[in-house]
Amino acid sequence: MSQLKEEKIVFQRPKTIKEDYEYTFCAGCGHGIVLRLIAECLDELNVQGDTIAVASVGCSICLEKYFDLDVVGSSHGRAPCVATGVKRARPDKIVFTYQGDGDAATIGMNETIHTASRGENITVICINNANFGMTGGQASATSIIGQKTTTTPLGRDPKMFGYPVKISEMVAMCDGAVYVERCSVSSPKTIIQTKRAIKKAFENQIKGLGLSFVEVLTPCPTGWKKTPVESMKYIEDEISKTHKLGVFKDIK
Ligand SMILES: Cc1ncc(C[n+]2csc(CCOP(=O)(O)OP(=O)(O)O)c2C)c(N)n1
Ligand code: SF4
């Protein structure tokens with residue numbers, strides 16, 4: 001009798017991620033974690049063939065290199081408007097945007113707020129690494145007080161640079177937003193919660209409820225000039241004190 005035990009697969013590449021995907025992020029970047037969670041959710045909901053992703057500008061730009069999905073590009077900050085057009089043209093599709101905080105909360109804050117106010121039935125995922133990662137670590141609207149960036153080398157001083165924009169709290173005030181949560185990828189526990197939030201945001205869209213917004217605090221070791229481990233600690237000890245985790249709106 002064979003002594004070989006039956007093999008049980010416990011971890012594998014989600015179908016939504018290309019077999020020959022190109023990993024374009026720096027070591028320790030949070031983008032890869034969130035992209036993987038999105039792919040797992042789409043697989044579990046069995047909607048890969050019915051999903052259209054809207055990419056924005058920033059380190060998130062290369063979605064099509066990673067996802068085996070239809071991907072539409074948009075200019076910096078405009079992804080919610082492009083997604084609005086895609087969803088209105090194809091209401092049968094699952095449409096989501098994937099945007100940085102420089103995109104969704106800074107240059108594109110206007111689009112984010114108006115799209116949420118219109119209650120477009122889309123999913124918006126905002127990757128908040130509290131800086132402009134791709135262009136060299138400049139301050140964004142969400143950078144926290146005291147945060148050193150290439151444009152705030154002495155730390156963000158509110159007298160000069162204003163206070164951080166808290167985008168989830170703002171979106172939650174829009175009548176068309178049905179679900180708003182801020183999550184993080186700084187620990188296994190928060191990664192599990194982030195996946196729950198992303199899945200719920202897609203489920204809301206499938207039910208036709210309106211706009212769901214999931215903000216995820218992620219590390220940008222290159223922009224922050226920290227090691228990957230220091231970056232995770234910086235989220236837990238500093239960034240999440242300003243950008244507090246939690247559910248800001250959940251209309252059943
Ligand atoms: C209209 C416009 N303004 C500015 C830029 C330059 N630009 C490209 S990426 C980027 C920052 C992106 O930062 P963020 O959205 O936070 O994404 P991250 O790279 O941090 O993931 C900027 C300012 C641009 N491409 N288009
Ligand atoms: S610059 Fe920052 S956000 Fe961009 S890939 Fe590198 S670590 Fe990630």
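Around ligand 2, this predicted model places Phe25, Cys26, Cys29, His31, Cys59, Asn129, Gly133, Met134, Cys220, Pro221, Thr222 and Gly223. If you would like one element to look at here, try helix 9 (residues 221-224), which gives the most to this shell, with three residues.

Ligand 1 has a shell of its own, made up of 19 residues. The closest of them are Gly58, Gly100, Gly102, Gly133 and Met134. Gly133 and Met134 also appear in the list for ligand 2. Helix 4 (residues 101-107) gives the most to the shell around ligand 1, with four residues.

Here are the two shells by residue class:

| Shell | Nonpolar | Polar | Charged |
|---|---|---|---|
| Ligand 1 | seven residues | ten residues | two residues |
| Ligand 2 | seven residues | five residues | no residues |

Now for the sheet. Seven strands make up an open sheet with mixed pairing, and their order is 2-1-3-4-6-5-7. At the edges you will find strand 2 (70-73) and strand 7 (246-250), each of which pairs on one side only. On average, neighbouring strands are turned by 15° against each other, ignoring direction.

What is the sense of the pairing between strand 5 (residues 177-184) and strand 7? These two strands are antiparallel and share four bridges. To find this spot on screen, look for Arg182, which stands opposite Gly246 in strand 7.

Helix 1 (residues 31-45) lies across three strands of the model: strand 1 (51-55), strand 4 (123-128) and strand 6 (211-217). Relative to strand 4, helix 1 runs at about 160°.

Definitions and conventions:
Residues numbered from 1 in each chain as written. Chains lettered and ligands numbered in written order. Predicted model: local features only at pLDDT ≥ 70, side-chain atom pairs only at ≥ 80, totals over all residues. Near = placed C-beta within 6 Å. Nonpolar A, V, L, I, M, F, W, Y, C, P; charged D, E, K, R; others polar. Pairing = 2+ DSSP bridges. Axes fitted to C-alpha atoms, helices over the stretch in contact; angles between N-to-C directions. Contact = placed C-beta atoms within 7 Å.
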